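Please open the model in your viewer and keep the selection tool at hand. The stops below take you from one part of the chain to another, with a note on what to look for at each.

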Amino acid sequence: MQSWSDIALPTVPGTGPPLRLFDTADGQVRPVTPGATAKMYVCGITPYDATHLGHAATYLTFDLVNRLWRDAGHEVHYVQNVTDVDDPLFERAARDGVDWQDLGTGEIELFREDMTALRVLPPRDYVGAIESVEEVVELVQKLLTSGAAYTVEDAEFPDIYFRADATEQFGYESGYDRATMERLFAERGGDPDRPGKQDTIDALLWRAARPGEPSWPAPFGAGRPGWHIECAAIALNRVGTEFDVQGGGSDLIYPHHEYSAAHAEAVTGSRRFARHYVHAGLIGLDGEKMSKSKGNLVKVSQLRRDGVDPAAIRLGLLAGHYRSDRMWTGEVLADAQQRLARWREALTLDAGPDAESTVARLRQHLADDLDTPKALDAVDNWVHQARTYGGADTTAPALLRTAVTALLGIDV
């Protein structure tokens, strides 16, 4: 699947401190220690609706990680999937009277446009579930052979499930107790009441072919991939195990990331699928959770059609810490627009106060678990000094403009 166009990053003089990120599994902020090539897998969209601000906030989070790694001199192997075959896609297509593949293709293209507008660096590998079916079949076969998976004895639909007890460490990524797992499994796409399962939280690996649904051939019977196995297969075949960061929204901690890790660990024997599990907070609207069911999604494409500068959208989302659940309001957008105007005015001046210390603080705050509120404050302080008192350093505006463009991704 085609990714979106790459963005040339300017080089910022100097270096910053090593990146530290909060790891969900360990419950603490700790150093990220990639090799020459930093490896990251971030879960992508199910393309049945346009990109909303919750999606945008997640992908901006890992875009910052990507930028900081590149600033530190690393090559970055970034992988993202697209769940382009799934029940929500079929349901929306049926509701709207369109072909599910046409719906998916259109929404994927809109997502590419939104990411380009937000200046999100593209993944090296952008992989759809459909194009990875053969990889999933191979992985499911390995899980069946090892005894980590089983076929439900159902004469009509012999679905294949992963045994939650297939790895000794299952549950380490989320740290949730059994009651929480059962509740979230039911709320987030699981099927605890499926007859024939050995455990109510065993996760679907392969959905046997049903009338009216797409399916692909497999040695164990035609069907289509489950949700979690898709990401396990795509990641294993591109960045392997114990890669640096697996990322997504906090609603993916369980069951999605718990199971995708367990699927991979069950066949490789690795202790950890990823060395860091990093999760972004959720975005609400005017005091309420933002969700499709509530009909209160704020879509990036609609904001762009309304004439909102994508740089202001990016600044508005970066104004809160990535791990915090936070609200999008008219005030947040207005503040971001005003901040953007101040920055653009100051960063095009002929001279200003020394900017080297500001760039150092910008790097320091971003390296400290992506502390964007403090990073923005550092730029604000320089901008205030430049607009209020001026300065004699003719190189300062260009230096800070380069840093803001490269590290924060703000088009100034």
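Begin by selecting residues 45-55, where the UniProt record, an unreviewed entry, places a short sequence motif called the 'HIGH' region. In this model, which is predicted, the chain over residues 45-55 is 27% helix and 0% strand, and the C-alpha atoms at the two ends are 8 Å apart.

Next, select helix α1, residues 53-71, and pick out T58 within that helix. Is T58 buried or exposed? T58 has a relative accessible area of 8%, and because buried means under 20%, T58 counts as buried. If you display its surroundings, leaving out residues up to four places away in sequence, you will find that T58 touches G248, G249 and A280. You can also draw a line from T58 to A235, two residues that are 177 residues apart in sequence and whose C-alpha atoms are 18 Å apart in space.

Now move to helix α7, residues 253-268, and select H256, which lies in that helix. H256 is buried, with a relative accessible area of 1%. Which residues does H256 contact, once its neighbours within four places in sequence are left aside? They are C43, W227, H228 and C231. With H228 there is also a polar contact between the two side chains, at 2.9 Å from H256.

For the next stop, go to the strands β1, residues 20-23, and β2, residues 28-31, which run antiparallel and are joined by four bridges. Among the bridge partners, F22 is matched with V29 in β2, while R20 is matched with P31 in β2. The two strands form a hairpin with four residues between them, and in the turn G27 has a positive phi of about 70 degrees.

Then select helix α2, residues 87-96, and colour L89, F90, R92 and A93, which are buried. Why do these buried residues line one face of the helix? Seen down the axis of α2, they fall within an arc of 170 degrees, so they lie along one face. As background, an α-helix has 3.6 residues a turn, so residues three or four places apart point the same way. The face of α2 turned away from the buried side carries the exposed residues E91, A94 and R95. To see what the buried residues of α2 pack against, add α3 (100-117) and β9 (223-225) to the display. After α2 comes G97, whose phi is positive, near 70 degrees.

Since β9 is now in view, bring up the open sheet to which that strand belongs, made of four strands in the order β6-β7-β8-β9 with antiparallel pairing. The strands β6 (149-151) and β9 stand at the edges, each with a single partner strand, so one side of each is left without a neighbour in the sheet. Neighbouring strands of this sheet are turned by 25 degrees against each other on average, with direction ignored. Looking at one pair, you will see β6 and β7 (residues 160-162) joined in the antiparallel sense over three bridges, and within that pair T151 stands opposite I160 in β7.

Finally, add helix α4, residues 133-146, which packs on the sheet and touches β6, β7, β8 (203-208) and β9. If you look along β8, the direction of α4 makes about 115 degrees with that of β8.

Key
Residues are numbered from 1 along each chain as its sequence is written. This is a predicted model: local features need pLDDT of at least 70, side-chain atom pairs count only at pLDDT 80 or more; totals for chains, interfaces and linings use all residues. Side-chain values use heavy atoms; hydrogens and water are left out. Buried means under 20% relative accessible area, exposed over 50%, partly exposed in between (1.4 Å probe, protein chains only). The arc is that of the directions from the helix axis to the C-beta atoms. Contact means heavy atoms within 4.5 Å. UniProt positions are given in the numbering used here, feature names are shortened, and annotations may be inferred rather than shown by experiment. A polar contact is a pair of N or O atoms within 3.5 Å; within protein, one must be able to donate a hydrogen and the other to accept it, and residues adjacent in sequence count only if both atoms are side-chain atoms. Two strands pair if DSSP finds at least two bridges between them. Axes are lines fitted to C-alpha atoms, for helices over the stretch in contact, and angles run from 0 to 180 degrees between N-to-C directions.
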